[in-house]
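Hi there,

Here is the structure I promised to pass on to you. Have a look at it first, and then read on for what turned up in it.

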Amino acid sequence: MQKYVLYLKEIDKQHLAYVGGKGANLGEMTKAGFPVPQGFCVTTEAYRTFIDTSTQMSEFYDLLDQINADELEPIRSLGQHIREHLKSLSLPEEVRSSILEAWNITGQAQAYAVRSSATAEDLPTASFAGQQDTYLNVLGPEQLLQAVQDCWASLFTDWAISYRAKNGFGHRLVFLSVVVQQMVFPEVSGIMFTADPITGQRKTVSIDASFGLGEALVSGIVTADLYQVRSGKIIKKQISKKKLAIYSIPEGGTFTQDIPLEKQEIQALEDHNIIKLAELGQRIEVHYGSEQDIEWGLADGKIFILQSRPITSLHPVPKVSDDKLHVYVSFSYIQVMTDAMKPLAISLLSYLPNFIKKDPSSSGAGYLLAAGGRAFADVTGPLLLKPSRNMLLKVFKGMDELMASAMSEVIQREEFRNQSYPKKEVFRVVRKIAPIVIPILIKVRSSLLVGDPSKARIHVASIMKKIVKEHEKNIIDTSGADRLRVIQHSIETMFPNVLAKIVAYPITGIMASGSLAKKLSKKVGDKQNAYFLSQLNKSLPGNVTGELGLELGDLTDIVRKYPEVIDYLGRATIESFYEDLLRVSGGFEFKQQLEIFLAKYGMRCSGEIDITKPRWNEDPTQLIPSILSNIRTNTFGEHREKFKRGEIEADQAAKEILSQFSYFEKRSISRLIKLYRNLMGTRENHKFIVIILLDIYKRAILEEGRILVQKGILRGVQDVYYFTMEELISLVENRFSGDAQEIVEERKIQHVLDQKLNPPRVMTSEGEIITGKLRDVQAPAGAFIGTPVSAGIVEGIARVVLRLEDAKINPGEILIAPYTDPGWTPLFISIKGVITEVGGTMTHGSVVAREYGIPAVVGIDKATEIIKDGSLIRINGTEGFVQILSEPSDSFNNN
């Protein structure tokens, strides 16, 4: 195709490469009959022909490829040079004549709006909106040709260059078309979102409106009216004081004008036009099949659509088959791992609650649904029933205070309360879970009253060993699709067949903890009670993640003996880790001890609920940051000394607690303390057994993946990660429909995009994100409030760690992380405080922090952005707030 101009009426989405996102959208809407002003597009072929006249662009592109997104001054300087160069070039004659011919046909007497349209603009996955220039009220051939050339040059604005560099768009691969449309001179104009861009509510149309051209609103010089429409009714009107408007000049261009005082607070758009505009927006949304960001104008009583593009900032919503209001909580926040997961990981997790379904093997909607690369649990049913609602809110408060608050907020709404949960369904679920829950409750009661809790740990370990042996045998005895179905069934029955056998012990410990806290608080008050329990919680026996930390400390002490090993670990890579290790002095000894450690804990890693994450036994280099941090922050044997000291402090706390009670009370209090000390450490066991089994399943799935590669069905073994379990079974059985490798490539791209999403804690089936609120805390001005999970106050240097493998902790530093899970445990030996964006009193990081006696505050939204790496901060784990005492530069100047 060598056309330099295409008219809007002949354009559709198939022309994206020639007219860019904006041009393709306008052509689509023109063909669909929407009220779009007439016009044409100067194609990317014209742009390429223009660029080819330059002898310097190849050199400029080379320089652009070397620039990082955050190098603002080089971007500014280079962008300016490129723009000046492009504006100095002459238009090729064939391009010039094509533009003028289209201008003649469309109307010489008309004024035009000239806008850029990049080939990577207004896509479902990216929005380049506003990065290139727009020219309004363009009159005559010379103004038009100059505006087109200026638009082309604006492909190299500072913002556009930085955005491409940040999002991985090659500078040579983004081309610019220019949209030329007959100018509309609106009395009122603005922007319409067919979903609320703030809350994500999909059924709410949000309209911004102001007088004159929309440029006043887009450029931010005026605060527009806000109208919201839902189900054909105006539900909100926020009338702003509109002091300025932009209007056109007869001879071309625009000017800014003061709005008369008496008109400044008048509603810009009348009610009937608000409703009409909202209906038009919903029709456009239906046409595109996604929520839209639409520019519009009202001129001579008629609404015109000036532009429409996808809203790229909305988090996807789990799909449901009915029109009822559903409430979803993020399983990622529950498990304290907010990264996007691949399809296989979510698929396997979705089987966990299937034991509650009427038919676990049915393919119908389950209780754990995928959206945006995350798993969301549908908690609508339990929230509609008062008994389960109260229990659920209490449990979730221990997991994440903001999550519990958000759930409390949504259940107060009338539209939620008007729903009911069918009694028939209630009885069915009760019949399903009663045979599982009743034995657990009986065991809990029995454990509270009788039996030796110190033997319970041995019993749990024995059960876990037996379960692992049975599952390994089941996997070994099968192959192919049958093996995959065994894995599927094993996860579906995980709770009744595995977790139910061990969960009674941590529940007993938690109940003993609650009872002890209640009685102790009456004697000494809440503050002293919190102190006693924090001491009692130190160095708990039988905590598998605590033991992991101790054994990694032992491994670190082996490394200390060999300077060459320490030096090697600082430069080691996964590709030849063991081979190169054996070449240094002490490498063999370290390898032996590392293999012993990995035999016990190699199935763990950061984000371990995601089966596709590489385990330590797959990539032992993940442990290097923790080992080197421990070497920097601790001396030989210090981790064992700290643990022993914690045991002594816990014993002393037990004695002090007993001293608060009378002779007749001491016996029951002594038992509660014994239950607390012996059973609270088992809280990590149910998670540990799941991770052990996931590792078994993973190895089996990868074996099947190798067979698929050998058959030529997949290119790489790890391509299995991009299929659901059902899809994998169909691949193995040769009944998969579609191009497997094409699907892999598409899902790889989608996974990268999902990683950029910020997942909500709680959302509804209408897409509304409920954020929740933290409790009121008396905190100093400027402090950041979170949930207190481990008592104590400490000051130190903030060390922001976004990924465990990048951790470099120095003595006396406070860890700031998005989340921590068992894979992060080794770092806890090295730090003096913890702050996370996600978590609650009962999540992993909180439990370990209390056991190690490290002050911790969790649930501080965007903590890794707010707190700068190297800042001096104070963390109050007793009250639940964090203060920034000085920024990095100040701290360094004081050193």
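Let me start with a sheet of five strands, which is open and has the order β1-β2-β5-β3-β4, with antiparallel pairing. Please keep in mind throughout that this is a predicted model. At the edges of this sheet are β1 (5-7) and β4 (134-138), each of which pairs on one side only. From one strand to the next, the twist averages 20 degrees.

If you zoom in on β1, you will see three bridges that pair it with strand β2 (residues 39-42) in the antiparallel sense. Leu6 has Cys41 in β2 as its bridge partner. Helix α5 (residues 93-106) lies across β1, β2, β3 (112-118) and β5 (176-182), and the helix runs at about 20 degrees to β1.

There is a second open sheet, this one of six strands, in the order β9-β8-β7-β6-β12-β13, and its pairing is antiparallel too. Here the edge strands, each pairing on one side only, are β9 (233-238) and β13 (302-310). On average, neighbouring strands are turned by 20 degrees against each other, direction ignored. Within the sheet, strand β6 (residues 188-193) runs antiparallel to strand β7 (residues 204-211), and six bridges join them. Across that pair, Asp208 in β7 stands opposite Ile191.

Which helix packs on this sheet? That is α9, which touches β6, β7, β8 (225-230), β9, β12 (292-299) and β13, with its direction at about 40 degrees to that of β13. Helix α9 (residues 271-288) has 18 residues and spans 26 Å from its first C-alpha to its last, close to the 26 Å expected at 1.5 Å a residue. Its buried residues are worth picking out: Asn273, Ile274, Leu277, Ala278, Leu280, Gly281 and Ile284 are buried. They are on the same side of α9 because they cover an arc of only 165 degrees around the axis. After the helix comes Gly289, with a positive phi near 75 degrees.

Another spot to visit is strand β16 (residues 374-378), where five of the five residues are buried. Arg374, Phe376 and Asp378 are buried on one side, and Ala375 and Ala377 on the other, so both faces of the strand are covered. In general, side chains in a regular strand alternate between the two faces of the sheet. Strand β14 (residues 327-330) pairs with β16 in the antiparallel sense over three bridges, and Tyr328 has Asp378 as its bridge partner there. Strand β15 (residues 368-371) also runs antiparallel to β16, joined to it by four bridges, with Leu369 opposite Phe376. The hairpin of β15 and β16 has two residues between the strands, and Gly372 takes a positive phi near 65 degrees in it.

Finally, the nonpolar cores. The largest has 139 residues, and those with the most contacts inside it are Met407, Ile487, Leu569, Phe590, Ile689, Ile701 and Leu728. Helix α29 (residues 685-710) supplies the largest share of this core, 13 residues. Apart from this core lies another, of 43 residues, including Val5, Leu91, Trp103 and Val180. As for Phe590, leaving aside neighbours within four places in sequence, its contacts are Leu555, Ile558, Val559, Val565, Leu569, Phe577, Leu581 and Ile627.

Enjoy exploring it!

Best wishes

Note on methods: Residues numbered from 1 in each chain as written. Predicted model: local features only at pLDDT ≥ 70, side-chain atom pairs only at ≥ 80, totals over all residues. Heavy atoms only, no water. Core = buried A, V, L, I, M, F, W, Y, C linked by side-chain atoms within 4.5 Å. Buried < 20%, exposed > 50% of the residue type's maximum accessible area, 1.4 Å probe, protein only. Contact = heavy atoms within 4.5 Å. Expected span 1.5 Å × (residues − 1). Arc of directions from axis to C-beta. Pairing = 2+ DSSP bridges. Axes fitted to C-alpha atoms, helices over the stretch in contact; angles between N-to-C directions.
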